[in-house]
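Trainee: I would like a close look at one part of this model, namely its interior and the elements that build or border it. Could you take me through it carefully, from what is buried to what is left exposed?

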Amino acid sequence: MLPETTPEDDGTTTQPPARDRRPPDRVVLRADLRAALPDASAAVVVTAAVFMFLYARMESGDSATVAVMPFMDDPGTYWMYLLSQAFGWSGLLWAWGTVMLGLLLSGPRPARLPVSRQALERLHRTTSLTTMALMSAHALMFAAELVRYEAQLAWAERLWAGFADTFVPGWYDSGTGRIAIPLGQGALYLAIPLGLLFYVRHRIGANTWRRLHRFVIVVYVLSVWHTLLYGTNVWYGEWPRTVLWLLQLPVAALLLARLLRPARRAERLGAPTRREGGALPGWVARAAGRVAAVAVVVGLLLVVVSGHDGGRERPAEPSSTSPHVHEPE
Ligand code: HEM
């Protein structure tokens, strides 16, 4: 979730003074963590607002989560679950923002930007750090809720159950979670190294970092997939699910623009015959990437226009197809 080009890479910024002997990697991470504070504070405010919204909906009887899992009809008891959901939403929103910024920075350069490119790059880095924290908080609150829930077990078993169901791929073995939880884990476990590698790029080489960093789009796709599959607040074919699908259109459009007109000349797709060194497989892969991006844009438009978005009908009676097959307490 960090920029493809950095001031350091293209040599446009001045070097740190010779007296500063600190490794540049550490300077940047510390500075970015400090710079992320306003951004992270905004994320806390957004999370709190989402939490209150979900809490109020549960209290009023409008909660889709309760429609899917009727035993949860008690926000006072299930507040940690609601907080986990709220962190999930702020995490996804921040992931959306940081991916959009990354694509803006690595795609066709807009003629005019309201802020400097360096400010955008810094914002991309700080929102990326905040996203990792929000994703982790979402998973941790889910683990905490599981620990609370398993009250009949001894403490060691409770802690293990919460940890394993949340963090060990393949451990969670009920309902839709058998697929959806590993998707979320995949997103979380990829996001952290792919995001933090930026700060050691002087050791691994800028090219290696750049190549690996590209896979961050996979993190985003896994996050959205996980949400569409498992989020009970987008379980039914109602407005929240429609909004979630709609939000993916600008991402797909920017991704397509970034692939068609990358900021870095070396990434442009020339004619295959003119390329040196038998690079045809690479050319085919890059061309396939562009075709796939077009297919994604068309697919998203079809989903939004047709309304076939995978949402279920909200039943008049409580659902019998809960994603989490918990027994009522
Ligand atoms: C260890 C990794 C993860 C675990 C164990 C996990 C667990 C869960 C669970 C159990 C739900 C269902 C909540 C519900 O009933 O609605 C859920 C939903 C959700 N998750 Fe995750 N998740 C993980 C990673 C992620 C990541 C990386 C994101 C990206 C930001 C994410 C975003 C969301 C969102 C937005 C929802 C929808 C919540 C709602 O419907 O209100 N999750 N996750």
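Mentor: Of the 329 residues in the protein chain, 34% are buried, a figure that belongs to a predicted model. The chain is made of 12 helices and 0 strands, so that, when read along the sequence, the pattern is α-α-α-α-α-α-α-α-α-α-α-α. Among contacts between residues at least 6 apart in sequence, 76% join residues at least 24 apart.

The largest nonpolar core has 61 residues, and those with the most contacts inside it are Leu82, Ala86, Ala191, Val219 and Leu255. At least two residues of this core are supplied by each of helix H2 (24-60), helix H3 (64-68), H4, H5, H7, H10 and helix H11 (239-260), and H4 gives the most, with 15 residues. For Ala86, once neighbours within four places in sequence are left aside, the contacts are with Thr47, Val50, Phe51 and Leu54.

Helix H4 (79-106) also matters for the ligand, since the largest share of the shell around the ligand, 6 residues, comes from H4. Besides H4, at least two residues of that shell come from each of helix H5 (117-149), helix H6 (155-167), helix H7 (177-196) and helix H10 (216-230). The residues around the ligand number 26, and the nearest of them are Gln85, Gly88, Gly91, Gly184 and Gly231. By residue class, the shell divides into 12 nonpolar, 14 polar and no charged residues.

Another residue of H4 deserves a separate look, namely Trp96. Trp96 is buried because 20 other C-beta atoms lie within 10 Å, and the cut-off for a buried residue is 20 or more. Not counting residues up to four places away in sequence, Trp96 touches Leu247 and Val251, while the C-alpha atoms of Trp96 and Pro250 are separated by 9.8 Å although these two residues are 154 residues apart along the chain.

This leads to H11, in which Arg241, Leu244, Gln248, Val251, Leu254, Leu255, Leu256, Arg258 and Leu259 are buried. The buried residues of H11 pack against H4, H10 and helix H12 (280-306). As a guide to reading such a list, an α-helix has 3.6 residues a turn, so residues three or four places apart point the same way. H11 has 22 residues and reaches 32 Å from its first C-alpha to its last, close to the 32 Å expected at 1.5 Å a residue.

H12 is a contrasting case in terms of burial, being hardly covered, with a count of 2 buried residues among its 27 residues. From its first C-alpha to its last, H12 reaches 38 Å, close to the 39 Å expected at 1.5 Å a residue. Val305, which has its place in H12, counts as exposed because it has 8 C-beta neighbours inside 10 Å; the C-alpha atoms of Val305 and Leu246, 59 residues apart along the chain, are nonetheless separated by 10.0 Å. H12 is followed by Gly307, whose phi is positive, near 80 degrees, and His308 lies in the segment after H12. With 10 C-beta neighbours inside 10 Å, His308 likewise counts as exposed, and its C-alpha is 8.5 Å from that of Gly237, a residue 71 places away in sequence.

A loop residue shows that burial is not confined to helices: Met69 sits in the loop between H3 and H4, yet counts as buried because it has 22 C-beta neighbours inside 10 Å. Met69 and Thr232 are 163 residues apart in sequence and 8.7 Å apart in space, C-alpha to C-alpha.

Finally, the annotation can be set beside the geometry. An unreviewed UniProt entry places the feature "transmembrane region" at residues 40-58, 78-105, 179-200, 212-231, 243-260 and 283-305. In the model, residues 40-58 are 100% helix and 0% strand, with end C-alpha atoms 27 Å apart, whereas residues 212-231 are 85% helix and 0% strand, with end C-alpha atoms 29 Å apart.

Notes:
Residues are numbered from 1 along each chain as its sequence is written. This is a predicted model: local features need pLDDT of at least 70, side-chain atom pairs count only at pLDDT 80 or more; totals for chains, interfaces and linings use all residues. A residue is near a molecule or strand if its C-beta atom, placed from the backbone, lies within 6 Å of it. Helices (H or I, at least four residues) and strands (E, at least two) are DSSP runs, numbered from the N terminus. Ala, Val, Leu, Ile, Met, Phe, Trp, Tyr, Cys and Pro count as nonpolar, Asp, Glu, Lys and Arg as charged, and the others, Gly among them, as polar. UniProt positions are given in the numbering used here, feature names are shortened, and annotations may be inferred rather than shown by experiment. A nonpolar core is a set of buried Ala, Val, Leu, Ile, Met, Phe, Trp, Tyr and Cys residues joined through C-beta atoms within 7 Å. A residue is buried if 20 or more other C-beta atoms lie within 10 Å of its own, exposed if 12 or fewer, and partly exposed in between; C-beta atoms are placed from the backbone. Two residues are in contact if their C-beta atoms, placed from the backbone, lie within 7 Å. The expected span of a helix is 1.5 Å times one less than its number of residues.
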